[in-house]
Amino acid sequence: MNKKFKIIGFLIVVIVIIAFVSYNYIMHGGERNLAAEETVCTTCSKNISEEFTTNTDGANKKYLDKAIAISGIVTAVTGKEIVLDNSIICNLKEVDATIKKNQKVTLKGRVVGYDDLMGEIKLDQCFKAL
């Protein structure tokens, strides 16, 4: 019986370690230090929206999973989410109280996708560019 309990205990410890490592990889494995990365391009929200609308595949190849700086007018602020010109959704790393509605800002972030049904470009890990 004692050997059986050791094996079960060992398996439980291994499962807990695997679960912990998996959780950390899923929750924090995709984050990059965008502040240190070079931007692929600096553009305005209207230009990039037009690029995605006219040539989605080409724009995906050009921008997807890359750091860009994008400027536009803030049309909505909800906690960590900023919407530029009703078409760019930027999820901030941290809440920035200096960003206000109807203000022109430049945000740096990683392009994570384009929703062609809603016509929205989504960025994450965003912060206010200087």
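Which residues are exposed on the other side of H2? I started my notes there, keeping in mind that this is a predicted model.

**Entry 1: helix H2**

I looked up the buried residues of H2 before its exposed ones. Ser-45, Ile-48, Ser-49 and Phe-52 are buried. Looking down the axis of H2, I found these buried residues within an arc of 100 degrees, so they line one face of the helix. That leaves my opening question: Lys-46, Glu-50 and Thr-54 are the exposed residues on the other side of H2.

Next I asked what the buried residues of H2 pack against. The list I got is E1, H3, E2, strand E4 (88–92), E5 and E6.

**Entry 2: strand E1**

I moved on to E1, residues 41–44. Side chains in a regular strand alternate between the two faces of the sheet. E1 has Cys-41 and Thr-43 on its covered face, while Thr-42 and Cys-44 sit on the uncovered one.

Then I checked the pairing. E1 runs parallel to E2, with four bridges between them. For Cys-44, the bridge partner in E2 is Ser-71.

**Entry 3: salt bridges**

Opposite charges can pair when the charged atoms of the side chains come close. How many salt bridges does a search of the whole structure find? I got three.

I took Lys-62 and Glu-51 to begin with. Their closest N and O atoms are 3.4 Å apart. Lys-62 belongs to helix H3 (residues 56–63) and Glu-51 to helix H2 (residues 45–54), so I logged this pair as a link between distant parts of the chain, 11 residues apart. I also looked up accessibility for both ends. Lys-62 is partly exposed at 40% relative accessible area, and Glu-51 is partly exposed too, at 26%.

Asp-65 and Arg-110 came next, with 2.8 Å between the closest N and O atoms. Here the two ends are 45 residues apart: Asp-65 is in the loop between H3 and strand E2 (67–78), and Arg-110 is in strand E5 (residues 104–115). Is Asp-65 buried or partly exposed? I read 38% relative accessibility for Asp-65, which counts as partly exposed. Arg-110, at 14%, counts as buried.

Arg-110 turned up again with Asp-124, where the closest N and O atoms are 2.6 Å apart. Asp-124 lies in strand E6 (residues 120–128) and Arg-110 in strand E5, so this bridge ties together parts 14 residues apart in sequence. Both Asp-124 and Arg-110 are buried.

I put the pieces together: Asp-65, Arg-110 and Asp-124 are linked in a salt-bridge network.

**Entry 4: the nonpolar core**

Nonpolar side chains tend to be buried together in soluble globular proteins. I therefore looked for the largest nonpolar core, and that one has 21 residues. Which residues have the most contacts inside it? They are Leu-84 and Leu-123.

I then listed the elements that give two or more residues to this core: H2, H3, E2, strand E3 (81–84), E4, E5 and E6. E5 supplies the largest share, four residues.

Last, I pulled the contacts of Leu-123, leaving out residues up to four places away in sequence. Among them are Ile-68, Ile-70, Ile-88, Ile-89 and Cys-90, along with Val-111 and Val-112. Arg-110 is on that list as well, and I had already met Arg-110 in the salt-bridge network.

How values were computed. Residues numbered from 1 in each chain as written. Predicted model: local features only at pLDDT ≥ 70, side-chain atom pairs only at ≥ 80, totals over all residues. Heavy atoms only, no water. Salt bridge = Lys/Arg side-chain N within 4 Å of Asp/Glu carboxyl O. Buried < 20%, exposed > 50% of the residue type's maximum accessible area, 1.4 Å probe, protein only. Pairing = 2+ DSSP bridges. Arc of directions from axis to C-beta. Contact = heavy atoms within 4.5 Å. Core = buried A, V, L, I, M, F, W, Y, C linked by side-chain atoms within 4.5 Å.
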